[in-house]
Amino acid sequence: MGGSAILVAGIVVLKLSQVAAPALEKLGLVSYLLGSDWDPVSGSFGALPFVYGTLVTSAVAIALALPVSVGLALFLSEMGPKRLRPVVGFAIETLAAIPSVVYGLWGLFVLVPLLRGTVEPLLGRFLGFLPLFRGPPLGLGFLAAGIILAVMILPTIASVTIEVLKTVPPPLKEGALALGATRWEAIRLAVLPYGRPGIIGAALLGLARALGETMAVTMVIGNSPEIHASLFAPGYTLPAVIANEFAEATSELHTGALAGLALVLFGITLLLSAAARILVRAVARGPAGARA
Amino acid sequence: METARPMSMLVRPPEAAAPAAVAGEAVRSTLAPAPKLVVEHLAAGFGRATVLRDVDLAVPERSILAVIGPSGCGKSTFLRCLNRMHELVPGAWARGKLLLDGDDLNAGDVDPVLLRRRVGMVFQRPNPFPTMSIRDNVAAGLRLNGIAGNHGEIVERCLRQAALWDEVKDRLGASALSLSGGQQQRLCIARALAVEPEVLLMDEPASALDPIATAKVEDLLHELKARYTIVIVTHNMQQAARVSDQTAFFYMGDLIEVGPTDRIFTAPRKQRTEDYVTGKFG
């Protein structure tokens with residue numbers, strides 16, 4: 001099983017590399033990867049705006065989704081009233097079942113006007129001293145894409161976190177309570193530290209989905225290959241540009257540059273899962289000198 | 001661990017326990033030791049099932065009460081009523097009085113969180129916080145109580161009291177999971193002692209340990225008795241006979257008999273007690 005998975009991945013990478021190689025040779029690897037100008041008409045192809053857009057939208061998504069998901073998971077498994085739990089659990093499962101194009105439409109019709117009319121002007125007024133929240137409130141942009149992604153990855157993170165919290169041994173929590181901990185203190189002292197590696201794993205699972213999500217992001221990010229510090233500005237992501245331009249890419253150079261972007265995306269997810277392994281292992285090890 | 005005792009006496013003289021204990025002191029000089037913990041008409045259960053009926057008993061200060069009985073007799077429920085851990089289980093209920101130095105801790109307006117700081121508990125299986133170091137495990141309760149600063153002195157004293165100091169003093173920063181099961185259990189005892197409880201509850205604290213570790217925990221009980229009031233649930237009648245001053249025998253949710261340990265084991269008044277302690281059933 002594992003072998004065949006590696007084989008398939010290998011074939012994909014090989015094929016993509018064949019398509020990308022002539023273009024990358026012509027453009028030069030460094031100027032391709034670090035170039036910030038993407039203009040198919042004049043034949044200049046730089047990958048940086050897409051890498052930037054992918055990383056920024058995913059970072060916004062995880063920053064918004066992680067606290068909410070962990071809060072929901074704690075509510076569902078530890079704190080909330082028994083009768084409310086199935087209702088909230090069902091609502092989360094429903095979020096997971098919505099097709100991403102529907103998220104995109106919701107984003108266009110509801111989220112983007114809301115951001116443009118209310119949220120972004122307010123953020124600009126109160127947090128405008130940060131470069132993140134400066135500039136005209138366009139609605140379409142990094143923030144819209146990040147919020148949509150947050151909603152989309154929330155069910156993943158929350159449901160995995162619920163499973164993680166179920167593995168916390170009850171005696172551990174009782175140990176904290178017996179010391180005179182309140183319910184919240186017991187969560188902080190016993191439940192969360194024990195579940196931390198699993199929660200990080202859940203977050204990375206959500207992050208992986210956010211990096212690869214195409215449709216909903218394409219519909220709300222504005223699709224312009226630019227790098228801006230402001231979250232209000234429009235941008236572009238790796239999967240979005242591949243989906244939008246591949247059908248119309250006629251020159252070999254353009255096709256090759258897009259295949260190169262696919263390789264870059266693959267590389268990012270690969271790096272991410274490697275980082276995840278290291279992180280989870282480091283966190284699971286706990287204080288120095290532990291054998292377990 | 002003889003060195004541990006004089007030092008610990010210095011840090012917390014027995015007289016400093018509580019005002020009510022001082023009053024008890026006067027009674028003690030003429031009469032029997034004052035009861036630290038009094039249980040009156042305690043009943044408990046889950047939903048419609050009753051697992052404990054009308055229990056009355058008193059535990060004198062600085063003594064050990066052993067609670068024995070066959071599985072399912074309600075002895076663990078009884079223990080968990082004493083620090084109100086029982087009511088954490090959904091559907092669980094408990095009625096009756098639970099007097100600690102005369103204060104009814106089962107009253108509706110008593111915060112169980114505050115009660116649990118006066119009544120500590122050690123569990124059947126060692127349950128140190130796995131992500132914390134040995135030092136932080138002992139200090140965990142202090143942090144909960146908002147006692148800031150360097151806990152080094154208290155950590156050392158509690159580890160000495162738990163007869164663990166010499167084994168861990170060179171690696172206080174190591175994970176609690178690097179200890180053996182018996183060491184982990186003594187760490188949990190040290191953790192419970194750090195918040196200076198008045199009563200210490202132990203739910204079969206040696207049942208998951210090997211004989212050597214068990215012997216260490218039993219020795220420790222004798223030392224802790226000098227300063228704490230202890231209630232210990234045990235499956236092991238020899239252990240009850242070895243460590244306790246009083247023994248209570250529970251059967252099917254009823255307290256059948258309670259009295260001095262010697263008498264319970266040599267001249268029980270009830271037939272059921274005799275059958276149980278002589279091994280006719282159990």
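Start in chain B. Select B:Gln246 and B:Pro260: B:Gln246 stands opposite B:Pro260, which belongs to strand β10(B). Keep in mind on this tour that the model is predicted.

**Stop 1: strand β9 of chain B**

Now select residues 246-251 of chain B, which form strand β9. Is this strand mostly covered or mostly uncovered? It is mostly covered, with 6 of its 6 residues buried.

Look at one side of β9(B) and find B:Gln246, B:Ala248 and B:Phe250. Turn to the other side for B:Thr247, B:Phe249 and B:Tyr251. Both faces are covered. In a regular strand, side chains alternate between the two faces of the sheet.

**Stop 2: the partners of β9(B)**

Add residues 254-260 of chain B, strand β10. β9(B) and β10(B) run antiparallel and are joined by 6 bridges. Next, look between them. The hairpin of β9(B) and β10(B) has 2 residues between the strands. B:Met252 takes a positive phi there, near 50°.

Now add residues 64-68 of chain B, strand β3. In which sense does β3(B) pair with β9(B)? The pairing is parallel, over 4 bridges. Select B:Leu65 to see what stands opposite B:Gln246 on this strand.

**Stop 3: where the chains touch**

Show both chains. Their contact takes 28 residues from chain B and 22 residues from chain A. On the chain B side, select α4 (112-118), β6 (119-122) and α5 (134-144). Each of these supplies at least two residues to the side that touches chain A. Colour that side of chain B by class: 13 residues are nonpolar, 10 polar and 5 charged.

**Stop 4: helices α7 and α8 of chain A**

Move to chain A. Select α7 (residues 170-178) and α8 (residues 183-212). Their axes lie 8 Å apart, and the helices pack at an angle of about 150°. α7(A) and α8(A) are therefore roughly antiparallel to each other. The crossing is right-handed.

Show the side chains where they meet. From α7(A), pick residues including A:Leu172, A:Ala176 and A:Leu177. From α8(A), pick A:Leu189, A:Val191 and A:Tyr194, among others. By class, this contact has 8 nonpolar, 1 polar and 2 charged residues.

**Stop 5: helices α3 and α6 of chain A**

Finish with α3 (residues 48-79) and α6 (residues 142-166) of chain A. At what angle do they cross? They cross at roughly 40°, and their axes come within 6 Å. α3(A) passes α6(A) in a right-handed crossing. Their contact has 23 nonpolar, 7 polar and 2 charged residues.

Conventions
Residues are numbered from 1 along each chain as its sequence is written. Chains are lettered from A and ligands numbered from 1 in the order in which they are written. This is a predicted model: local features need pLDDT of at least 70, side-chain atom pairs count only at pLDDT 80 or more; totals for chains, interfaces and linings use all residues. Axes are lines fitted to C-alpha atoms, for helices over the stretch in contact, and angles run from 0 to 180 degrees between N-to-C directions. Angles under 35 degrees count as roughly parallel, over 145 as roughly antiparallel, 65 to 115 as roughly perpendicular and the rest as oblique. A crossing is left-handed if the near helix is turned anticlockwise from the far one by less than a right angle, and right-handed if clockwise. Two residues are in contact if their C-beta atoms, placed from the backbone, lie within 7 Å. Ala, Val, Leu, Ile, Met, Phe, Trp, Tyr, Cys and Pro count as nonpolar, Asp, Glu, Lys and Arg as charged, and the others, Gly among them, as polar. A residue is buried if 20 or more other C-beta atoms lie within 10 Å of its own, exposed if 12 or fewer, and partly exposed in between; C-beta atoms are placed from the backbone. Two strands pair if DSSP finds at least two bridges between them.
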